[in-house]
Amino acid sequence: MEKITQENFNSIYVDSIEQRQIDHFVCKEMGRQIHRYIKGMSGRKCIMEKFEEALSTLTVPEKEEAIARYIDLNRKSISGLDFKLVLARAVANYCDTFDYMLAFINNREKMKFYLERIRSKYIRFHTVVERDGKFGIVDHEGKVLVSPLYDFLRTCYTYVDDLVTMPIIAQRDGKMGLILPDRKDTVVADFIYDDIQLRDEYPYFEAKKGRRKVFLGEKGEVVAPADKQNVT
């Protein structure tokens, strides 16, 4: 009998149905953890409903990617989270009997395999990189999301995630603008502003151009809420 190793475990020893079901239950548990985080941090039911509605129509792999993207932007959402507990809950949902569950959890190689699988799916952090004094962003695989062309970058940290790709605050030639991390450096708001700040609600950005204050959304300047307008 061939010796079990981390390298051959997936191809030889993992049942495809088991793996698919464990992925499904892990995904449900990760969604529950994000639900608890949003509720605890914001206290707004509508935010949780917005996130869960966006996830509801996705396949499991699409949900995994969306949750990983949320975690990347909200890394505190998994602060203190024990992935062993996440896996144990998924295993409990999968197993038909208590004895089967105990045998599963006590199988160290199998648990190690699934823990690594969870981390590889949900811990996909982007990284800001510097090249010749300019900054860009690469994804968890080292692929370029934003070219290193900018004097300053600030990724947007927000509790609300309806799976829309949020712009990044960037500076170029002394002026601020918004770009998308879409591997194309798509400009959402031109580099004409003296300052851009992130807001807690839509429109998510407040910009200053000289003495003029404007609000920016995902597609550029938007009309400010009636009680927020302040044009001088």
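## Cores, helix α7 and the small sheet

In this predicted model, the largest nonpolar core comprises 33 residues, and those with the most contacts inside it are Ile22, Val26, Met30, Ile67, Leu87, Phe104 and Tyr122. A nonpolar core is a set of buried Ala, Val, Leu, Ile, Met, Phe, Trp, Tyr and Cys residues joined through side-chain atoms within 4.5 Å; buried means under 20% relative accessible area (1.4 Å probe, protein chains only). Two or more residues are given to this core by each of the helices tabulated here, where helices are DSSP runs of H or I with at least four residues, numbered from the N terminus.

| Helix | Residues |
|---|---|
| α2 | 16-42 |
| α3 | 45-56 |
| α4 | 60-73 |
| α5 | 83-94 |
| α6 | 98-105 |
| α7 | 108-122 |

The largest share, eight residues, comes from α2. Ile22 touches Leu87, Ala90, Val91, Tyr94, Phe104 and Tyr114 (heavy atoms within 4.5 Å), residues up to four places away in sequence not being counted. Apart from this core lies another, of 15 residues, including Ile169 and Leu178.

Among the buried residues of α7 are Phe113, Tyr114, Ile118 and Tyr122.

Three strands (DSSP runs of E, at least two residues) form an open antiparallel sheet in the order β1-β2-β3. Because β1 (127-131) and β3 (144-150) each have a single partner strand, one side of each is left without a neighbour in the sheet. Strand β2 (residues 134-138) pairs with β3 over three bridges, pairing requiring at least two DSSP bridges. The bridge partner of Ile137 is Val146 in β3.

Residues are numbered from 1 along each chain as its sequence is written, and side-chain values use heavy atoms, without hydrogens and water. Local features need pLDDT of at least 70 and side-chain atom pairs count only at pLDDT 80 or more, whereas totals for chains, interfaces and linings use all residues.

Notes: Buried means under 20% relative accessible area, exposed over 50%, partly exposed in between (1.4 Å probe, protein chains only).
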